[in-house]
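Got the viewer open? Here is a short walk through the model, stop by stop, with something to select at each one.

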Amino acid sequence: MKFAYYPGCSLRGTGRAYEESLLAVFRALDIELEELDDWNCCGATTYMSVDELTSYALAGRNLALAERKRQDIVAPCAACYLVLNKTQHYMEDYPEIKLTVTRALAAIGLTYDNHVRVRHPLDILLNDVGLKAIAAKVKRPLKGLKVAPYYGCQIVRPYSTFDDQRNPTSMDRLLEACGAKMVHYSLKTRCCGGSQKGTLPEIGLDLIHYLLSEAHKYGAEAIATVCPLCQFNLESFQKESGDRHHPISIPVVYFSQLLALALGAPANKIGLQRSLVPIGSVLAEKEIAYA
Amino acid sequence: MRDLHGWPDPGPIRIGVYVCHCGANIAGTVDVRAISEYAASLPGVAVSRDYKYMCSDPGQALIKDDIASHDLNRVVVASCSPLLHELTFRRALNAAGINPFFLQMVNIREHVSWVHLDKRAATEKTQALIRAAVRRVSLHKPLQKRRVPINPNVLVVGGGIAGIHAALTLADAGKQVHLVEREPTIGGHMAMFDKTFPTLDCAACILTPKMTAVGSHPNIALRTYSEVVQVDGYIGNYKVKIKRKPRYIIDELCLGCQECIAACVYKEGKAPDEFNLGLSKRKPVYLPFPQAVPQKVVIDPETCIEFKSGKCKKTCIEACGERKAIDFKQKETFEEIEVGAIILATGFKTFAPVRNPNCGYGRYQNVYTSLEVERLINASGPTSGEVVLRDGKRPHSVGIIHCVGSRDANTNRWCSKVCCMYSLKLAHLVKERTGAEVFNFYIDMRTPGKGYEEFYDRLLDEGVHFVRGRVAEVSDWAVHPSEEGKLVIRAEDTLAGFVRRIPVDMVILSVGLEPQADAQDVRRLFNISCSSEGWFLERHPKLAPVSTFTEGVFIAGACQGPKDIPESVAQAGAAAAEALALIDAQFVEMEPYTASVLEEECSGCKSCIPLCPYQAIAFLEDKKKASVNEVLCKGCGTCVAGCPSGSIQQNFFEDEEIFAEIEGVLSYA
């Protein structure tokens, strides 16, 4: 298996831990990644709301680069994953968008024919690698670590290519295969607040609090996420949302960090040392070695 | 001189051409006078006229008189679609003493006047079509309709209310009916209900007398736990193979005393009870429900110890005693019957709400389907009619979500038609039994029907709550302490204009109706069509609602589309009447458009045999030639087109006739 790896800005910034852990997982499972040469902004962030066409053209360039290499793209960041998928759909559905993007690409000597599949790591791990193969490589079972699986919105809506829109279970199954225990979590795909924390902080903090308190209520020892923005919101504002409601402290990690840990990677190589709410004491309590 | 069929030798070709105005329908766009004059100039045409309504009695009289006075032997009528009046004009020809197949119709209404605006171009196109018809009709050969006798027995497939009603109607009319049902009992979905809307009469009280009547009717051969596996033949003469699944009980010996059930080594139920949708358990030997017809128990080999290990004490056999009705060695058996007509009443299945995860079915234990709640309310159900939650407690508040799996672009687009009304019924019954507050979440209330809207009014008066809004989700996420431990239904109240969160103890999903899972297999078995949704397709949605495109096969009830009980019964009656009309004619006239093999040219390659959708082509081993069975042939023409050596031809569609038509269209005069 070989894919074009598209990190996007988050995985080189606040989401470094996601990249470090994901690469460790893929390495352990012999999935080859080749970073997309000269990739650019995916077109998410504010582009989409300010100038959609520019956003499609930006995404189109990344897709065209992958197509030239005849590789499918792995896009771990939920926002990148959505924009790349959306651009493909819109280019198919709206001829005028396709025309504009095609012209923009032609200006820099590129073409795009919609031959690239945009894949999410959850999809690849579950459907290409498979639970059995992963379970067979688990070196450090997670010993019933209680995890709330939090998917956020972007990887399942509106293009639910590999999981259910409202009740996704791919991450649940992967982490269960590593020995974790998923707690009941009915807010799996509810809003994390997105960038509301910056614009309407009260609303953002309320939404964050709902997610944290529901995980806490069902005894979760950690929340697993798949999106850099979700992870950032849920981890960074625990104190502020706690001040507004009641204090809750719970580690928020990327699913890939738990997977990498189970597959034997040392904690400080998979970004766990960067956590604002460290998971170490929880792991120690379960006697899961993490060095 | 007379030909083989007894028709007079037509002699030299003399054609009459008749151009219909159809009021202004045709005359408004086509210059009918010019066409009539043009036709008169064509070779072979002896007389040509235009008239306001050719299909009227005077119009037909015009043709008949001309046949006599002008000695016509071919007729071309340019009017509407042959589907509408070909038969009318054929009768006119027949009455005037010439072979009815010496007629050719030209459709200048649907194909010309209704689809064109330019009068000149429309008139030119009509000229071309007339040329084609005139050339073609001179090559027509005299043909004879075939008469085939009809077997008076009828097969009814499906023992729900539709099948039961159709079977009884036919049996009461003195016909021999074979009723086949795949479950161990007849009754269908209706037997699972407690009350029926809008009158709230007890479903069992009105259904079970009909079930018993089926069981004891001298004219009905009831086969339960059986399935149709093969259908051969054609209208009036179907051969049907039926598989009878082993019940492990000898029907003739079982009295239905149920002592074997009491005596079973399992003191409690073991397997999910299908009739109660898994809400209770049944023993390996069981009767589906108390009023089951026939009153014969069934043994389920999946759970019976004797089948698993062969080491059971077999207390059931002991209990059965001298009657010796239990037979663990029973095998499935096959039987072949012959019938003249078939009525399919195979019903529907309910939408599986796991496909709509917003509603929480399967995730939250107190989310039920409407059918499950029917069983809870039913006195013979798993809770003896008590509406209780899984923990045995009575709900204080209940939410009923409409349109689950209906009117939804993600699942099924159609309206399931019955859910608004059954939701009202369930709301009434749940409130009556529990005193709970009941909330209905609906998109639109659809209550057309006799007494239906009044029933809705009654519910409004009873204090049942109605929220107009499609439900966004059911969740156990409590935002407010009052929501703790409840299921919260979130929906936009589109009348009030805000989002509501309503906490309830119990959620009922009003699941929609879907085609049976094996509807496509059944469709193929009986050679009928399905609509794109998978419902059995009627011949015409308005004028032939119980007929299919396969003659002699009728449909009734919800297999054709969502229907409530009164509609299903009405349709079953209609299907029975159509079957009766067919049978009582004693024979059926078939179009003579059959194919035949030119033996001297057939190479015996057999490529036509698998092409025939009606299994009408056999291979004559002695001659090494294909041969078409005229009685089975429907005249579809597939083999004619498929024959690599062009050695199959078809009456009324012979090569020279088709070529003449093409040349006529293409030859500009």
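## Starting in chain A

Go first to A:Pro158, which sits in the loop between strand 5 (146-149) and helix 8 (170-177) of chain A. Keep in mind that this is a predicted model. Now add A:Arg157 to the selection: the peptide bond joining A:Arg157 and A:Pro158 is cis, with omega about 0°.

Staying in chain A, pick A:Arg70. You'll find A:Arg70 in the loop between helix 3 (52-69) and strand 3 (73-74) of chain A. Check its backbone: A:Arg70 is not a glycine, yet its phi is positive, about 55°.

## Over to chain B

How many residues does each chain give to the contact between chain A and chain B? Six come from chain B and six from chain A. Colour the chain B side by class and you get two nonpolar, two polar and two charged residues where it touches chain A.

Next, select B:Phe197 and B:Pro198. The peptide bond between them is cis too, and here omega is near -10°. Look around B:Pro198 and you'll see the loop between strand 8 (195-196) and strand 9 (201-202) of chain B.

## Three helices in chain B

Show helix 12 (residues 370-377) and helix 13 (residues 419-434) of chain B; they pack at an angle of about 40°, and their axes are 11 Å apart. Because of that, helix 12 of chain B counts as oblique to helix 13 of chain B. The crossing of these two helices of chain B is left-handed.

For the side chains, turn on B:Ser370, B:Val373 and B:Ile377 from helix 12 of chain B, which meet B:Tyr422, B:Leu426, B:Leu429 and B:Arg433 from helix 13 of chain B. Sorted by class, the residues of this contact are five nonpolar, one polar and one charged.

Keep helix 13 of chain B on screen and bring in helix 14 of chain B. Their axes come within 10 Å and cross at roughly 35°. Which hand does the crossing of helix 13 and helix 14 of chain B have, left or right? It is left-handed.

On the helix 13 side of chain B, display B:Met421, B:Leu424, B:Ala427 and B:His428; they meet B:Tyr452, B:Phe455, B:Tyr456 and B:Leu459 of helix 14 of chain B. That contact divides into seven nonpolar residues, one polar and no charged.

## On to the strands

Now select strand 22 (residues 437-442) and strand 23 (residues 465-468) of chain B, a parallel pair held over four bridges. To line them up, label B:Phe439, which stands opposite B:His465 in strand 23 of chain B. Then trace the backbone: the chain goes from strand 22 of chain B through helix 14 (residues 452-461) to strand 23 of chain B, a right-handed β-α-β crossover.

Last stop is an open sheet of three strands in chain B, ordered 24-25-26, with antiparallel pairing. Strand 24 (471-475) and strand 26 (498-504) of chain B are its edges, each pairing on one side only. On average, neighbouring strands of this sheet are turned by 20° against each other, ignoring direction.

Zoom in on strand 24 and strand 25 (residues 487-493) of chain B, whose antiparallel pairing runs over four bridges. Across from B:Val474 you'll find B:Ile489, in strand 25 of chain B. While you have the side chains showing, remember that in a regular strand they alternate between the two faces of the sheet.

Note on methods:
Residues are numbered from 1 along each chain as its sequence is written. Chains are lettered from A and ligands numbered from 1 in the order in which they are written. This is a predicted model: local features need pLDDT of at least 70, side-chain atom pairs count only at pLDDT 80 or more; totals for chains, interfaces and linings use all residues. Axes are lines fitted to C-alpha atoms, for helices over the stretch in contact, and angles run from 0 to 180 degrees between N-to-C directions. Angles under 35 degrees count as roughly parallel, over 145 as roughly antiparallel, 65 to 115 as roughly perpendicular and the rest as oblique. A crossing is left-handed if the near helix is turned anticlockwise from the far one by less than a right angle, and right-handed if clockwise. Two residues are in contact if their C-beta atoms, placed from the backbone, lie within 7 Å. Ala, Val, Leu, Ile, Met, Phe, Trp, Tyr, Cys and Pro count as nonpolar, Asp, Glu, Lys and Arg as charged, and the others, Gly among them, as polar. Two strands pair if DSSP finds at least two bridges between them. A crossover is right-handed if, with the strands pointing away from the viewer, the path from the first strand over the helix to the second runs clockwise.
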